[in-house]
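Dear colleague,

I am handing over the structure we spoke about, which you will find just below. After it I have set out what was found, going from the whole chain to a few particular places.

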Amino acid sequence: MMSPSRSAAGAAAVTVVLWASAFVSIRSAGDAYSPGALALGRLLSGALVLGLICLVRREGPPPRPAWRGIAISGVLWFGFYMVALNWGEQQVDAGTAALVVNVGPILIALLGARLLGDVVPPRLLAGMAVSFAGAVTVGLSMSGEGSASVLGVALCLLAAVAYAGGVVAQKPALDRASALQVTTWGCLVGAVVCLPFAGQLAHEAADAPLSATLNMVYLGVFPTALAFTTWAYALARTTAGRMGATTYAVPALVVLLSWLALDEVPGPLTLVGGALCLAGVAVSRSRARSATAGGDAERRPGSSASRV
C-alpha cells in the first residue's frame with residue numbers, strides 16, 4: 001500500500017498536470033465564451049461531477065467549523081479568481097499573465113507564515129526564487145508585441161491575490177472536513193458567486209462551437225473537479241507554502257503541452273525558463289537531513305498532517 005506521503009505527492013502531481021492542461025482548453029473556450037460565462041460553465045460542470053461523487057460516497061455537508069474556510073475559498077478562489085484570470089488573459093498576452101499570476105505562490109508562503117504559523121525553511125525560499133526566475137523567463141519568452149493593458153495586469157494581480165487568499169483559507173477547513181467535501185462545497189459557493197453570468201452563459205452556449213463547449217466541460221470535470229480535489233488532499237498533508245511552490249511546475253508543463261497540442265515550438269529561452277521552474281520545485285520540495293530526521297521541522301504547529 002502506498003504511504004501517505006507518496007500518495008499526497010502523487011495527488012499534487014495530478015493537480016499540476018491537469019492545471020497545466022487547462023491552458024489549452026481555456027484558449028479554445030475563451031474564443032467563444034466571455035470570462036464570467038466561462039467561469040460559471042466550468043464551475044457548474046465541476047459541481048455536477050463532484051455532487052454525483054458525493055452521492056455515491058454518501059458524503060454529506062461538511063461540519064460547521066469548516067464552513068468559514070470553505071466559504072472564503074469558494075468566493076476568492078473558485079469564484080473571483082476564475083473570472084479575473086479569464087478576463088485578465090483577454091487583456092494581456094500569455095507571457096505577461098504568467099509573470100503576474102506567478103506572484104501567487106510567494107503570497108501563499110507569506111500568508112501561510114503569517115496566518116497559519118507555517119514554517120518557511122530556507123530551501124523553500126530558495127526553490128521559490130529559482131522557480132519564479134524561471135516563470136519570469138518563460139513569460140518574457142512568450143510575450144509578443146501586443147500591449148499589456150493596465151487593466152489586464154491589475155486583473156491578473158487580483159487573481160493572484162485571490163488565489164493565495166483562497167488557498168490559505170482552505171487549509172484550516174481541511175483539518176475538519178474531507179478534501180472532497182471542501183472541494184465540492186467550495187465549487188458550489190463559487191458557482192453561486194458567478195450566477196450573475198448565467199444569462200451570458202445561456203446566450204453564448206447557443207452560438208458557441210461544440211469544441212469550445214466541450215473544452216469548457218473538460219475544464220469543469222478535470223482541472224476543477226478532479227484537480228482541485230487532489231490539490232485539497234495534498235494540501236491537507238503539507239504546508240500551504242510548499243504546495244504553492246509545487247505549482248511552479250505548471251509553466252514548464254504548459255510549454256510542453258503547447259508544443260504537443262498547439263504545435264507551438266518553444267525557443268531556447270523558453271526551455272531554459274521551464275528547466276528553472278522544475279529545478280526550483282525540486283529544491284523547494286527537498287528536505288534537509290535534520291528536517292528528515294526530526295520529521296516535524298516544517299509542520300505547522302498543532303497540525304497532525306505529514307509533509308508531501
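Let me begin with a pair of helices: α7 and α10 are oblique to each other, since angles from 65 to 115 degrees would count as roughly perpendicular and those under 35 degrees as roughly parallel, while the axes of these two cross at roughly 55 degrees. Please keep in mind throughout that this is a predicted model.

In the sequence, α7 covers residues 150-173 and α10 covers residues 210-235, and their axes come within 10 Å of each other. The crossing in which α7 passes α10 is right-handed. On the α7 side the contact is made by Tyr 163, Val 167, Gln 170 and Lys 171, which meet Trp 231, Ala 232 and Leu 235 of α10. Sorted by character, the residues of this contact comprise five nonpolar, one polar and one charged.

As for the chain as a whole, it holds 14 helices and zero strands, so that a reading along the sequence gives one α after another. Of its 308 residues, 51% are buried, and the surface that the chain exposes comes to about 13,500 Å², with carbon and sulfur atoms supplying 68% of that area. If one takes the contacts between residues at least 6 apart in sequence, 91% of them join residues that are at least 24 apart.

Two residues may help you to find your way around the part of the chain where α3 begins. Arg 58 lies in the loop between α2, which spans residues 35-57, and α3. Although Arg 58 is not a glycine, its phi is positive, at about 60 degrees. Is Arg 58 buried or exposed? With a relative accessible area of 77%, Arg 58 is exposed, because the cut-off for that class is over 50%.

Trp 67, by contrast, belongs to helix α3, which is made up of residues 67-91. Its relative accessibility is 29%, and Trp 67 therefore counts as partly exposed, a class that lies between the limits of 20% and 50%. Leaving aside residues up to four places away in sequence, Trp 67 touches Pro 62, Trp 185 and Val 189. Trp 67 also shows how the chain brings together residues far apart in sequence, in that 115 residues separate it from Val 182, whereas the distance between the two in space is 8.6 Å from C-alpha to C-alpha.

With best wishes

Note on methods. Residues are numbered from 1 along each chain as its sequence is written. This is a predicted model: local features need pLDDT of at least 70, side-chain atom pairs count only at pLDDT 80 or more; totals for chains, interfaces and linings use all residues. Side-chain values use heavy atoms; hydrogens and water are left out. Axes are lines fitted to C-alpha atoms, for helices over the stretch in contact, and angles run from 0 to 180 degrees between N-to-C directions. Helices (H or I, at least four residues) and strands (E, at least two) are DSSP runs, numbered from the N terminus. Angles under 35 degrees count as roughly parallel, over 145 as roughly antiparallel, 65 to 115 as roughly perpendicular and the rest as oblique. A crossing is left-handed if the near helix is turned anticlockwise from the far one by less than a right angle, and right-handed if clockwise. Contact means heavy atoms within 4.5 Å. Ala, Val, Leu, Ile, Met, Phe, Trp, Tyr, Cys and Pro count as nonpolar, Asp, Glu, Lys and Arg as charged, and the others, Gly among them, as polar. Buried means under 20% relative accessible area, exposed over 50%, partly exposed in between (1.4 Å probe, protein chains only). Accessible areas come from the Shrake-Rupley method with a 1.4 Å probe; for residues, only the protein chains shown count as cover.
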